[in-house]
Amino acid sequence: MAARTVTVSSSGACLPSLPCPLASTKSDSFPSLRCYSSILGYFPLQLQRRSTVPARKFVIRAARTESKRVSLGFRAPHFELQEPLTLKTWKLDEFESYPALLKGLAVVAISSNSAATHPQDGPEFMAEEAKLFNYPFPYLYDESQDVAKDFGAVCTPDFFLFKKDGRRPFELVYHGQFDDSRPSNTVRVTGRDLSLAIDRVLSGQPVPSVQKPSVGCSIKWHPERKL
């Protein structure tokens, strides 16, 4: 059975079928990565909030956080989350059939940021962004933040690449950075590291176990859920 993959990150998105590896996508199509919690996949986005944002002052404090180590081979935990744009509820089980006959990539994006402390990251604005950028994948909201905890996500973005073989549960093969670009350096955003891992999985090759962790803003936790 051909290798099948699903990406998980705590900023959320699902691409039903990507016909070619991410590496073949031009880097200039990916704006600067925004600070969003990401438990399944990548989340390319830089959005200026529109006039619909409530007229109030937000004080944002986000610590620079490095993705914590999650053991490779980790099995993807079950999730059941709503997509604010369509109000559809998605489950991990719905991706069991990807790909059908050909190799492919399924992507899910999840935002776990607290809307209580950061209302500008709430479902209303998630739906607005998904519609504005015409996301071809589900962008889900982890209101309880339980999914972020289950996956061990701590920073935004935090990338998890899972491989699917036959009836076996999704197995984590890559939990590393998007590329070497950082807000503090001039390295161009290419997605090289994640793309290479995806290429290897889709071609049936092993993914190297030495992986650089993601670095980004910490997930905006509810005060009572903060690590």
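Where does Asn134 lie? In this predicted model, Asn134 is found in the loop between α1 and β6, and we will come back to that residue below. The protein has 227 residues, of which 52% count as buried. Its chain forms three helices and ten strands. Let's walk through the structure topic by topic.

**The overall layout**

- Following the sequence from start to end, you meet the elements in the pattern β-β-β-β-β-α-β-α-β-β-β-α-β.
- Among contacts with a separation of 6 or more, 79% are between residues 24 or more positions apart.
- The accessible surface of the protein is about 11200 Å², and carbon and sulfur atoms make up 54% of it.

**The nonpolar cores**

- The largest nonpolar core contains 21 residues.
- Phe79, Phe95, Leu140, Phe151, Phe160 and Phe162 are the residues with the most contacts inside this core.
- Three elements each supply at least two residues of this core: β5 (105-111), α2 (146-151) and β8 (159-164).
- Another core, of 13 residues, lies apart from the largest one. Its members include Val107, Phe159, Val173 and Ala197.

**A sheet of three strands**

- Look for an open sheet in which the strands come in the order β2-β10-β7, with antiparallel pairing.
- β2 (64-66) and β7 (155-156) are the edge strands, each with a single partner, so one side of each has no neighbour in the sheet.
- Three bridges link β2 with β10 (residues 215-218), and the two strands pair in the antiparallel sense.
- To find this pairing in the 3D view, start at Arg64, which stands opposite Cys217 in β10.

**Helix α1 and what follows**

- Helix α1 spans residues 123-132, and its buried residues are Phe125, Met126, Ala127, Glu128, Glu129 and Ala130.
- Notice that two glutamates, Glu128 and Glu129, are on that buried list.
- The cover over the buried residues of α1 includes β5 and β6 (139-141).
- After α1 comes Asn134, the residue from the opening question, whose phi is positive.

**Backbone features to look for**

- Asn134 has a phi near 55°, a positive value in a residue other than glycine. Asn134 is exposed, with a relative accessible area of 62%.
- Gln145 is not a glycine either, yet its phi is positive, at about 70°. Gln145 sits in the loop between β6 and α2.
- Is Gln145 buried or exposed? With 0% relative accessibility, Gln145 counts as buried.
- Thr156 and Pro157 are joined by a cis peptide bond, with omega about 5°. Pro157 belongs to the loop between β7 and β8.

**Cysteines**

- How many disulfides does a search of the whole structure find? The search gives zero.
- Cys155 is one cysteine in no disulfide, and the nearest cysteine sulfur, that of Cys217, is 9.1 Å away. A disulfide needs two cysteine sulfur atoms within 2.5 Å, so Cys155 and Cys217 do not count as a disulfide here.
- Cys155 is buried, with a relative accessible area of 0%.

**Salt bridges**

- The structure holds four salt bridges, and three of them are described here.
- Arg75 and Glu171 meet through their side chains in a salt bridge, at 3.7 Å from N to O.
- Which parts of the protein does this pair tie together? Arg75 lies in the loop between β2 and β3 (80-82), while Glu171 is in strand β9 (residues 171-174), so the pair links parts that are 96 residues apart in sequence.
- Arg168 also forms a salt bridge with Glu171, and the closest N and O atoms are 3.7 Å apart.
- Through shared partners, salt bridges join Arg75, Arg168 and Glu171 into one network.
- Both arginines of this network are partly exposed: Arg75 has a relative accessible area of 32%, and Arg168 has 41%.
- Lys88 and Glu94 form a salt bridge whose closest N and O atoms are 3.5 Å apart.
- Lys88 counts as partly exposed at 37% relative accessibility, and Glu94 counts as partly exposed at 31%.

Conventions:
Residues numbered from 1 in each chain as written. Predicted model: local features only at pLDDT ≥ 70, side-chain atom pairs only at ≥ 80, totals over all residues. Heavy atoms only, no water. Core = buried A, V, L, I, M, F, W, Y, C linked by side-chain atoms within 4.5 Å. Buried < 20%, exposed > 50% of the residue type's maximum accessible area, 1.4 Å probe, protein only. Helix = DSSP H or I, 4+ residues; strand = E, 2+ residues; numbered from the N terminus. Contact = heavy atoms within 4.5 Å. Areas by Shrake-Rupley, 256 points an atom, 1.4 Å probe, with all protein chains shown as cover. Pairing = 2+ DSSP bridges.
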